[in-house]
Amino acid sequence: RKDIFNILFWIFLIIGIVLLLWRIFGDSPTDLSIILPFILMLLFKIWSISDRQIKLEMRFLALAKDFKEHINQNKK
């Protein structure tokens, strides 16, 4: 899943750069069609970071639970 987001990030980055260069040198695409790939690129990057943060939080919660169990076992 992480690889898909990275691939889509790079695809939209390349499309955005191509459309931007086309606008500068050819004056063809609209401003919205140039901005849209960059917005999608940022969306996929944020989504990827969010997924990593959720996984990190799950690992931290599991570690905290194990630590609590370890402390409780030592008290007995």
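A residue counts as buried under 20% relative accessible area, as exposed over 50%, and as partly exposed in between, with a 1.4 Å probe and protein chains only. The model treated here is predicted: local features need pLDDT of at least 70, side-chain atom pairs count only at pLDDT 80 or more, and totals for chains, interfaces and linings use all residues. Residues are numbered from 1 along each chain as its sequence is written, and side-chain values use heavy atoms, with hydrogens and water left out.

**Exercise 1. Classify I15, F38, S33 and N74 by accessibility, and place each in its helix.**

Step 1. Helices are DSSP runs of H or I with at least four residues, strands are runs of E with at least two, and both are numbered from the N terminus. I15 is found in helix α1. F38 has its place in helix α2, as does S33, and N74 is in helix α2.

Step 2. The relative accessible area of I15 is 36%, so I15 is partly exposed. F38 has 23% relative accessibility and therefore counts as partly exposed. The value for S33 is 26%, so S33 is partly exposed. N74, with 53%, is exposed.

**Exercise 2. Describe the overall form of the protein.**

Step 1. The secondary structure consists of two helices and zero strands. The radius of gyration is 22 Å, well over the 11 Å that the globule rule gives for 76 residues, so the protein is more spread out than a compact globule. This radius is taken over C-alpha atoms, and the rule is 2.2 Å times the number of residues to the power 0.38.

Step 2. Along its principal axes, the C-alpha trace spans about 75 × 20 × 15 Å. Of the 76 residues, 17% count as buried.

Step 3. Two C-alpha separations may be set beside these values. N74 and D31 are 43 residues apart along the chain, and their C-alpha atoms are separated by 65 Å. For I15 and F67, 52 residues apart in sequence, the C-alpha distance is 48 Å.

**Exercise 3. Identify the largest nonpolar core and the elements that contribute to it.**

Step 1. A nonpolar core is a set of buried Ala, Val, Leu, Ile, Met, Phe, Trp, Tyr and Cys residues joined through side-chain atoms within 4.5 Å. The largest such core has six residues, namely F5, F9, F12, L13, M41 and F44.

Step 2. Two or more residues of this core come from each of α1 (2–26) and α2 (31–75). The greatest contribution is that of α1, with four residues.

**Exercise 4. Trace contacts of F9 and F38.**

Step 1. Contact means heavy atoms within 4.5 Å. Leaving aside residues up to four places away in sequence, F9 touches M41 and K45.

Step 2. With the same exclusion, F38 touches L13, G16 and I17. The C-alpha atoms of F38 and F9 are separated by 9.0 Å, although these residues lie 29 residues apart along the chain.

Step 3. For the protein as a whole, residues 24 or more positions apart account for 54% of the contacts with a separation of 6 or more.

**Exercise 5. State the charge content of the protein.**

Step 1. Lys and Arg count as positive and Asp and Glu as negative, while His and the chain ends are not counted. A charge is placed at NZ of Lys, CZ of Arg, CG of Asp or CD of Glu.

Step 2. There are 11 positive and 7 negative side chains, and the centres of the two sets lie 10 Å apart.
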